[in-house]
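Got the model open in your viewer? Switch to a cartoon view, keep the selection box handy, and let's walk through it stop by stop.

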Amino acid sequence: MRRIGSVVRTAQGLAVLRAEDTDDGSNDGDRFRDEIGTSVLDDSLESVGRVVDVFGPVDRPYLAVTPDDDVHLPSLVGSTLYAR
């Protein structure tokens, strides 16, 4: 499991995350390997949803996550989410 970003807002039924800035000096080419369909979890390892879009600047993109049916979207704002 790895941290992928924090929810900055909700829009059109999606959670919008700002991708983590790894800034670890590595230039491994797959810093943001979160692809459409990646499963997203919260800090208690509960499923939140799936990545449906990656957009914005290449160096630190945004991720759009469609929530699972039982997730209250506004409660995610400010939360850090993780990829499995």
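Start by selecting R2 and A83: R2 stands opposite A83 in strand 6. That pair belongs to a longer match-up, since strand 1 (residues 2–11) and strand 6 (residues 80–83) run antiparallel and are joined by 4 bridges. Two strands are called paired here if DSSP finds at least two bridges between them. The strands themselves are DSSP runs (E, at least two residues), and helices are runs of H or I with at least four residues; both are numbered from the N terminus.

A word on what you're looking at: this is a predicted model, where local features need pLDDT of at least 70 and side-chain atom pairs count only at pLDDT 80 or more, while totals for chains, interfaces and linings use all residues. Residues are numbered from 1 along each chain as its sequence is written, and side-chain values use heavy atoms, with hydrogens and water left out.

Zoom out for a second and colour by secondary structure. You'll find 0 helices and 6 strands in the protein chain, so to speak a β-β-β-β-β-β pattern when read along the sequence.

Back to strand 1, and now add strand 2 (residues 14–19). These two pair in the antiparallel sense over 6 bridges. Click R9 and you'll see V16 of strand 2 opposite; click V7 and its bridge partner in strand 2 is L17. Next, select the turn: strand 1 and strand 2 form a hairpin with 2 residues between them, and Q12 in that turn has a positive phi of about 50°.

Stay on strand 2 and pick A15. Is A15 buried or exposed? A15 is buried, because its relative accessible area is 1%; the cut-offs are under 20% for buried, over 50% for exposed and partly exposed in between, with a 1.4 Å probe and protein chains only. Show what surrounds A15: leaving aside neighbours within four places in sequence, its contacts are V7, R9, L63, A64, V65, L73 and L76. Contact means heavy atoms within 4.5 Å. Now draw a C-alpha to C-alpha distance from A15 to P74: they sit 59 residues apart in sequence and 8.5 Å apart in space.

Strand 2 has another partner to select, strand 5 (residues 62–67), which pairs with strand 2 in the antiparallel sense over 4 bridges. Here R18 stands opposite Y62 in strand 5.

Keep Y62 selected and add F55. The chain has 1 aromatic pair, counting Phe, Tyr and Trp rings (for Trp the six-membered ring) with centres within 6.5 Å. The ring centres of F55 and Y62 are 5.7 Å apart and their planes are at 15°, so the pair is stacked; planes under 30 degrees apart count as stacked, over 60 as edge-to-face and the rest as tilted. F55 is partly exposed, at 33% relative accessibility, and Y62 is partly exposed too, at 24%.

For the last residue, jump to S39, in strand 3 (residues 39–41). S39 counts as buried because its relative accessible area is 15%. Not counting neighbours within four places in sequence, S39 is in contact with G49, R50, Y82, A83 and R84, and A83 is the residue opposite R2 from the opening stop.

Finish with the whole chain in view. Buried residues make up 31% of its 84 residues. Of the contacts with a separation of 6 or more, 54% are between residues 24 or more positions apart.
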